[in-house]
Amino acid sequence: MTSHAVGQLLLGLAVIIVLARALGALARKVGQPPVVGEIIAGILIGPSIFGTLVSDRFFPVDIRPALAGLANVGLVLFMFIVGYELDQTLVRGRQRIAASVSIGSILAPLGLGAALAWWLADRHGVTDVLPFALFIGAAMAVTAFPVLARIVADRGLVRSEVGGLALASAAVDDVIAWSLLAVVVAVGTADGSLPWLVLAVAPYLFVMFRWVRPLLRRLAAARERAGRLTPDVLAVILIGLLVSCYLTEIMGLHAIFGAFVFGAVMPRAGGEALRHEILERLEQVSVLLLLPVFFVVAGLQVDLSTVDGGALLELALILVVAIGGKFAGAYAGARLNRVGARQAGALATLMNTRGLTEIVILSVGLQLAIIDQQIFSMMVVMALVTTVMAGPLLALIYPRRVLERDIAQAERAALGGAAGYRALVLVPAAAPAAAAVADLAAALIGSRRPATLALARLVPYPAAPLEIGSGLIGGLLEMNQAMGELTRLSAEVRADGLEVPVLARFTGDPGAELAELVRTGEPDLVVVTGDGARPTAVLEETPVTVITLAGPPPAPVCAIIARITGDASANAVLRTAAELASAYGVELVVDAGPRVSRSVAGALRELRRHGVAVRAEPADSDSGAALVVAAGGGPGDGSDGAHVVVRTGADQVEETPAQWVPRLRSPAGIGSDGEATQVTRA
């Protein structure tokens, strides 16, 4: 390459970066994914609008091989990211519906697309119809997981069941669609060598999943030891990626399949930091340079200037088959699993997004001469239209008011919509603290039935989502991990007649989100940890008791100390302490100061009348195995050094000791008649 060509290449790359960033930002401003602007940038540079004026000036023929090489590297990195972002936790708990939706959204457009291809083949002089028909069908069937994930996050669908189903279905769709495309490419490039190809693919996949995957897990451990992603670790990953691409290329498959498989075998469990840092590194070169170069190389092949009446008919049929087939298949798959009509429509709309993934597939077909330039151009338009329409159509089918209603109903159901006693526990991420706060809530519920103990976790949004891939996969996987941990914890604390639903929610303001959960679920009791979100504002509006586990309780607990500093909170503190003493089967010590008030003395008499072991005397909270319960509210409230802090909401209707004492239970079966007393909401 001459020095002039090198200079021309550098100028062309600068133009590509400027156009991609500018049109990507413009697309974002009008509510579209940035990939829409980047696709349009590629088409504008191509011959469709300005003929060869722009392309020849900035991208002359002698630098296009270099651009094509950079574009292929960009493809490889993108497909590695697509494989890396797939995670089985996205599907967990939704396998049946996700499989039904994804299979329906693949079979319908695949069949209709193949049928349309037989008609197109005759018009475009295609002689080998089978690979052409299979390729068109597979291209119609694909869903762009990265674009779908961004739409789900941007429109707040992550908190809804529709969003979860869409992510799960798209993940399954990705695996099936890329596997199908690999078969299509194998058929299209076979030339009589298909049996050898099949024999080579099987051991390749076996080696990758059986031996390479365990070796890659060591990279996560190496990253943890170093405390960061070192150049050596990144070099090993890139070498493995390129070798995997080379192997699939020489087997007759395209290099992108090797990249996809290598991403799929990268470590997940324990490798979250490694994944984030790899994507962060790749973002700097891939999003800024390599993928925009790919869009330009693809755009140079898109020529809409020669579209005539016949081509417009073909384009119309392609759009009808692609959109209608995908929508009908996904909608039917959702409805067969009793998903509501509006929700099924939203799911089908999301599954219709194609974006960059579709352009990748079409570029492979063009490189392998399975499709011609005119078919490629019309299919690129289809990819652009289906991506652009997703947002507006989703707003029409599933407007925000319906979304918020569904989210509120789901959260209200998760927090326990039935009559009875309801407790909401904000579960921290640390396992010991999570178990301690859940056990504390179960002890406070005691024998109340019916009762619901809802376990919730607030997952913070990623501070700065990456632009590469879905950009939010770390947060989405953290959400799924949170749900898995809550589900396991619910199994540990579940007791006879106690419902233990779980709920996880993205948040940018934990305090406000917790207040919203309190307003939505109307619990009788909220239990949080000392370092968690505190619903201070909501206490002024909602009659709810808030229990804060300020520190780890002693193990074992040998006594419960109720530290009472005033009549306003005395009943709540005494009730909480008595319930814990009853649950733990230990002595209750009431530290009410030098003079015991009349109300506290009456409560003590009621406790003793029902056989509760209680004594009133100053207590030393530093004596080791005592769990201290105190009121919270401000300085000097007696909560310093307490393990459990009790706050009551304004206008809260408190039970009298005559009401709550008979409900207490202990290993000895303390109670007026040995029966549990059912409590209903006032």
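## Packing and local geometry in a predicted model

Of the 682 residues in this predicted chain, 55% count as buried.

User: How many helices and strands are there in the chain?
Analyst: Helices and strands are both present in the chain. The count is 24 helices and 11 strands.

User: What percentage of the contacts between residues at least 6 apart in sequence join residues at least 24 apart?
Analyst: Take the contacts in the chain between residues at least 6 apart in sequence. Those that join residues at least 24 apart make up 78%.

User: Which helix gives the largest share of the largest nonpolar core?
Analyst: That core has 195 residues. Those with the most contacts inside it are Phe80, Trp178, Leu274, Ile560, Leu588 and Leu607. The largest share of this core is 13 residues, and it comes from helix 9 (residues 161-188).

User: How many residues are in the other core, the one with Leu503 and Val526?
Analyst: This core lies apart from the largest one. Val528 and Val546 are also among its residues. Its residue count is 13.

User: Which residues does isoleucine 560 contact, leaving aside neighbours within four places in sequence?
Analyst: Isoleucine 560 is among the residues with the most contacts inside the largest nonpolar core. With neighbours within four places set aside, its contacts are Ala577, Leu580, Ala581, Tyr584, Val586, Glu587, Leu588, Val589, Leu627 and Val629.

User: Is helix 15 roughly parallel or antiparallel to helix 17?
Analyst: The axes of helix 15 (residues 341-351) and helix 17 (residues 373-397) come within 9 Å. They cross at roughly 180°. Angles over 145 degrees count as roughly antiparallel. The two helices are therefore roughly antiparallel.

User: How do the residues of the contact of helix 15 with helix 17 divide into nonpolar, polar and charged?
Analyst: From helix 15 come Arg342, Gly345, Ala346, Thr349 and Leu350. They meet Ala390, Leu393, Leu394, Leu396 and Ile397 in helix 17. The division is 7 nonpolar, 2 polar and 1 charged.

User: At what angle do helix 16 and helix 17 pack?
Analyst: Helix 16 spans residues 355-367. Its axis and that of helix 17 are 9 Å apart. The pair is roughly antiparallel. The packing angle is about 170°.

User: How many nonpolar, polar and charged residues has the contact of helix 16 with helix 17?
Analyst: Helix 16 brings Gly355, Glu358, Ile359, Leu362, Ser363 and Leu366. These meet Gln373, Phe376, Met379, Val380, Met382, Ala383 and Thr387 in helix 17. By class, the contact has 8 nonpolar, 4 polar and 1 charged residues.

User: Why is the pair of phenylalanine 80 and tyrosine 84 given its class?
Analyst: There are 7 aromatic pairs by count. In this one the ring centres are 5.4 Å apart and the planes are at 50°. Planes under 30 degrees apart count as stacked and those over 60 as edge-to-face, so 50° makes this pair tilted.

User: Which residue joins Phe80 and Tyr84 in one aromatic cluster?
Analyst: Phenylalanine 80 and tyrosine 84 are 4 residues apart in helix 5 (residues 64-85), about one helical turn. Both are buried. Completing the cluster is Phe262.

User: Why is helix 12 described as largely enclosed?
Analyst: Helix 12 covers residues 255-264. Its buried residues include Phe257, Phe260 and Phe262. The helix is largely enclosed by the rest of the structure because the buried count is 10 of 10.

User: How far apart in space are valine 518 and alanine 423, C-alpha to C-alpha?
Analyst: Valine 518 lies in helix 21 (residues 510-521). At 1% relative accessibility, it counts as buried. It is 95 residues from alanine 423 in sequence. The distance in space is 9.9 Å.

User: Which residue does a cis peptide bond join to arginine 449?
Analyst: Omega of this bond is about 0°. The partner lies in the loop between helix 19 (431-445) and strand 2 (451-460). It is proline 450.

User: Is arginine 338 buried or exposed?
Analyst: Arginine 338 lies in the loop between helix 14 (309-335) and helix 15. Its phi is positive, near 65°, though the residue is not glycine. The relative accessible area is 81%, and the cut-off for exposed is over 50%. Arginine 338 is therefore exposed.

User: What is the phi of alanine 369?
Analyst: Alanine 369 sits in the loop between helix 16 and helix 17. At 63% relative accessibility, it counts as exposed. Its phi is positive although it is not a glycine, at about 60°.

Definitions and conventions:
Residues are numbered from 1 along each chain as its sequence is written. This is a predicted model: local features need pLDDT of at least 70, side-chain atom pairs count only at pLDDT 80 or more; totals for chains, interfaces and linings use all residues. Side-chain values use heavy atoms; hydrogens and water are left out. A nonpolar core is a set of buried Ala, Val, Leu, Ile, Met, Phe, Trp, Tyr and Cys residues joined through side-chain atoms within 4.5 Å. Buried means under 20% relative accessible area, exposed over 50%, partly exposed in between (1.4 Å probe, protein chains only). Contact means heavy atoms within 4.5 Å. Axes are lines fitted to C-alpha atoms, for helices over the stretch in contact, and angles run from 0 to 180 degrees between N-to-C directions. Angles under 35 degrees count as roughly parallel, over 145 as roughly antiparallel, 65 to 115 as roughly perpendicular and the rest as oblique. Ala, Val, Leu, Ile, Met, Phe, Trp, Tyr, Cys and Pro count as nonpolar, Asp, Glu, Lys and Arg as charged, and the others, Gly among them, as polar. Rings of Phe, Tyr and Trp (its six-membered ring) pair if their centres lie within 6.5 Å; planes under 30 degrees apart count as stacked, over 60 as edge-to-face and the rest as tilted.
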